[in-house]
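Me: Please take a close look at a single helix and describe what surrounds it.

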Amino acid sequence: MRRIRAVVYGAGAMGALATRLMTEKGVEIVGAIARNPDKVGRDLGEFAGIGRLNVPIEADAEQVLATRRPDVVLHATQSFLPEIKDQLALCVRSGANVVTISEESLYPWSSSPGIAAELDALAKRNGVTITGSGHQDSFWLHQVSALLGSAHRINSVYGKATWNADEYGAAIIQSKHVGETLEQFQESMASEHRPPTFGGNLLSALAQATGLTPKEWKTEISPVVADEDRYSNSIGVTLSKGTVIGYADIDVMTTVEGPTFTFEMSGYVFGEGESDMNRWVVKGEPDLYLDNGPVPSYTTTCTQWVNRVPDVINAPAGFVTPDQLPPLRYRALPMHNYVTPGALA
């Protein structure tokens, strides 16, 4: 069987790490796409720090996809479906499967059902698959679904995850309102258009995976305030005690069948000794607990993204969300060994 041909769409920090991971697992990277003029023209391998691959980073996505004919596109540009709809459609029309780390793509049927349905129909017409993956695929969806499968009765589910906004650059820092006073934060929340929360997509996916029916939703936003001075590497500023350093989205979903689900996701600038975490508590018969300890979510976003490549190639055509895919598995061999025979014809 031949090697999988891939294009990296979004040559940023995530794309760079995914480039190394794919190269080490035998994927043939045939193209790379970015808009930043400082990146265009550079060799992707040199950009990723793994040595020359003879794959230039290019700005013309349509030309790259049309001439390189990838089996799969690893997509990493923006978080929400309205922002990336045209990019995904371009990939699909070129005949490529897509694995995106757009967080809303984990389960867009609750937040952007019209766009999801349009992309689903387009993918089916072109015989390819769109899948959302990343850190939330295993840590928030499949691990939690497996835990719930060991319960006789569920009364409530509570999950809490944290991530270090300082690892993701200045644009993310700005979006988390880092550096604002509490008064400025309250004003921002009152005037700002709020996109869907990632927790809302996750809880919808968990409801789908467990066969429960969502009934009511509630979302709260809570600022995270520095309890001591801390330095942000992304913006090169010391944030003083009492300053907003990020915020938490707290989503609550009640279901027709009774169980209540709550997910609290906090993104902020970490201080010394803090690390990402993923903890879940299930109350029922019996009570159940999941704690992953310190979680390197920056890295696991990319490892799960890359490990989904064979699954998206094997999946039926359409917009297939991870709750419809098997749990992620370790890939010891080159990736093409896990593809269904004939799928790479």
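Reply: What follows describes one helix, its cover and the core it joins.

This is a predicted model, in which local features need pLDDT of at least 70, side-chain atom pairs count only at pLDDT 80 or more, and totals for chains, interfaces and linings use all residues. Residues are numbered from 1 along each chain as its sequence is written, and side-chain values use heavy atoms, with hydrogens and water left out.

Helix H9 spans 198-210; helices (H or I, at least four residues) and strands (E, at least two) are DSSP runs, numbered from the N terminus. H9 has 13 residues, and its first and last C-alpha atoms lie 19 Å apart, close to the 18 Å expected at 1.5 Å a residue, where the expected span is 1.5 Å times one less than the number of residues. Just after H9, glycine 211 has a positive phi of about 75 degrees.

Ten of the 13 residues of H9 are buried, meaning under 20% relative accessible area, with exposed over 50% and partly exposed in between (1.4 Å probe, protein chains only). Among them are Phe198, Asn201, Leu202, Ser204 and Leu206. Their cover includes H6, strand S8 (214-225), S11, S12 and S13, counted by contact, that is, heavy atoms within 4.5 Å.

Leu202 and Leu206 also belong to the largest nonpolar core, which has 39 residues; they are among those with the most contacts inside it, as are Phe261, Phe263 and Trp280. Such a core is a set of buried Ala, Val, Leu, Ile, Met, Phe, Trp, Tyr and Cys residues joined through side-chain atoms within 4.5 Å. Elements that each supply at least two residues of this core include H9, helix H6 (135-148), strand S12 (260-268) and strand S13 (277-285).
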